[in-house]
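Please walk me through the architecture of this protein chain, beginning with its overall make-up and then moving through its strands, its cores and a few individual residues.

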Amino acid sequence: MSVIGRFAPTPSGRMHIGNMVAMLAAWLSAKSQGGSMILRLEDLDIARMPKDASAQIIDDLRWAGLDWVCEPIYQHNRNAIYQEALESLESLQDGDGNSLIYPCFCSRSDIRAIAAPQEGDGFIRYPGTCRNLRKTAEGLAQIEKRLQNHQQHSLRLAVPSADSPQANVSFEDAIFGEQSFNINRDLGDMVIRRADGVFSYQLAVVVDDVLSGVNDIVRGRDLLRSAALQIWIGELLEKSGFFATHGVHYVQPKFAHLPLIDNAQGERLAKSKHSLDVGALRESGWSAERMIGYCMYLLGYRNPGQTRPVDMSTADALALFEIDETPWNSVRANLADKSVPFLD
């Protein structure tokens with residue numbers, strides 16, 4: 001099976017160095033295995049995406065020397081296929097005979113008021129408020145009345161109960177090793193389609209990866225937990241027959257989740273903060289070779305005795321990556337060093 005990786009940026013702003021590190025790492029992983037890359041712009045919420053952000057990302061990737069095959073995929077154009085996947089999930093039932101998809105009338109503030117944060121990243125597990133309405137006749141009547149009144153609602157995917165074997169999802173991560181999550185306790189019921197009709201990342205990414213043949217996923221550590229949910233969704237869509245109707249089958253991909261990079265103040269890089277904006281660095285005179293060398297240094301790939309980033313091409317970076325007898329060894333060895341050095 002040929003290796004297919006992907007660039008999958010969200011065009012919510014100009015990319016920062018952390019994004020470029022992830023893009024380069026994904027490219028290196030696929031290329032070192034004789035594979036290729038596709039480019040997917042994850043612009044599901046197109047109304048909130050800055051104008052020209054996708055074009056800027058494409059330009060930055062080409063400038064850096066990172067190539068891909070085929071035309072870019074834009075998620076905002078794929079609502080019909082996501083709707084088909086949603087309907088396939090609606091055909092599946094839980095142990096009580098209810099559809100795995102149910103309406104949720106809770107607002108974000110409602111959820112935050114009754115649920116405790118799970119991690120420092122602000123993740124909040126949904127407590128199942130609307131799912132519990134399906135357990136009583138009174139609750140079912142309440143759901144029906146709200147739907148008849150056209151009350152705004154999202155659609156959620158019901159995960160297995162915490163004590164169910166199906167709730168435990170394990171996978172091997174190339175950098176963080178063996179991972180195991182209980183998708184009930186660790187994630188909870190996830191929104192599949194928002195109240196405004198926008199499909200969720202969790203559904204779209206699985207549909208697009210499988211239909212595009214992606215089997216090598218490299219991305220940030222913040223999505224490590226999401227991998228478990230995405231594996232489960234992939235298995236559900238396989239069970240529903242959705243993939244078979246498109247001539248493919250779900251096969252669990254390989255994962256590598258990269259440590260997140262902090263700025264000098266110890267804050268995670270973010271587009272919203274314009275952190276080390278690639279466009280600004282290019283305007284200040286950075287060459288593509290400097291960018292690639294800098295990203296390789298952050299990944300931990302350094303020649304013996306090297307104490308500072310060294311300019312290099314993507315071909316040089318690939319040769320350095322391939323020296324690593326066990327891919328990702330240097331990244332694992334560099335886990336503790338997440339800060340961005342040498343911006344002079």
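The paragraphs below go from the whole chain to its parts.

The model shown here is a predicted one. Its protein chain contains 13 helices and 10 strands, and of its 344 residues 51% count as buried. Among the contacts in the chain with a separation of 6 or more, 76% are made by residues 24 or more positions apart. The accessible surface of the protein chain comes to about 16100 Å², and carbon and sulfur atoms account for 49% of that area.

A convenient place to enter the fold is strand 1, which spans residues 4-7 and is covered on both faces: I4 and R6 on one side are buried, as are G5 and F7 on the other. Strand 1 pairs with strand 2, residues 36-41, in the parallel sense, and four bridges join the two. Within this pairing, G5 has M37 of strand 2 as its bridge partner, while R6 is matched in strand 2 by I38. To get from strand 1 to strand 2 the chain passes through helix 1, residues 17-32, and the resulting β-α-β crossover is right-handed.

Strand 2 then leads on to another unit of this kind. Five of its six residues are buried, so strand 2 is largely enclosed by the rest of the structure. Strand 2 also pairs with strand 3, residues 73-74, in the parallel sense over two bridges, and L41 stands opposite Y74 of strand 3. Together with helix 2, strand 2 and strand 3 make a right-handed β-α-β unit. In the loop between helix 2 and strand 3 lies C70, whose phi is near 65°, a positive value in a residue other than glycine. The relative accessibility of C70 is 65%, and because exposed means over 50%, C70 counts as exposed.

Several of these elements return in the interior of the model. The largest nonpolar core has 46 residues, and those with the most contacts inside it are F7, L28, L61, L258, M296, L299 and W328. At least two residues of this core come from each of helix 1, strand 2, helix 2 (53-64), strand 10 (254-258), helix 10 (278-283), helix 11 (288-299) and helix 12 (314-323). Helix 1 gives the most to this core, with 11 residues. The surroundings of L258 can be followed in detail: leaving aside residues up to four places away in sequence, the residues that L258 touches include V21, A22 and A25, as well as I175 and F176. L258 also touches V218, R219, G220 and R221, together with L299, W328 and V331. A second, separate core of 45 residues includes L44, L89, L157 and L203.

Elsewhere in the chain, three strands form an open sheet in the order 4-5-8, with antiparallel pairing. Its edge strands are strand 4 (101-104) and strand 8 (190-193), each of which pairs on one side only. On average, neighbouring strands of this sheet are turned by 50° against each other, direction ignored. Strand 5, residues 154-157, runs antiparallel to strand 8 and is joined to strand 8 by three bridges, with L155 standing opposite R193. Ahead of strand 5, in the loop that follows helix 6 (137-148), lies H150. The phi of H150 is near 60°, again a positive value in a residue other than glycine, and with a relative accessibility of 72% H150 counts as exposed.

The remaining pair to consider is a hairpin, made by strand 6 and strand 7 with three residues between them. Strand 6 (residues 168-173) and strand 7 (residues 177-182) pair in the antiparallel sense over six bridges, and the bridge partner of E172 in strand 7 is E178. Which side chains of strand 6 point to the buried face, and which point to the other? V169, F171 and D173 point to one face and are buried, whereas N168, S170 and E172 point to the other and are not buried. In a regular strand the side chains alternate between the two faces of the sheet. The side chains along strand 6 alternate in this way, while strand 1 has buried residues on both of its sides.

Definitions and conventions: Residues numbered from 1 in each chain as written. Predicted model: local features only at pLDDT ≥ 70, side-chain atom pairs only at ≥ 80, totals over all residues. Heavy atoms only, no water. Buried < 20%, exposed > 50% of the residue type's maximum accessible area, 1.4 Å probe, protein only. Pairing = 2+ DSSP bridges. Right-handed = clockwise from strand over helix to strand, strands pointing away. Axes fitted to C-alpha atoms, helices over the stretch in contact; angles between N-to-C directions. Contact = heavy atoms within 4.5 Å. Areas by Shrake-Rupley, 256 points an atom, 1.4 Å probe, with all protein chains shown as cover. Core = buried A, V, L, I, M, F, W, Y, C linked by side-chain atoms within 4.5 Å.
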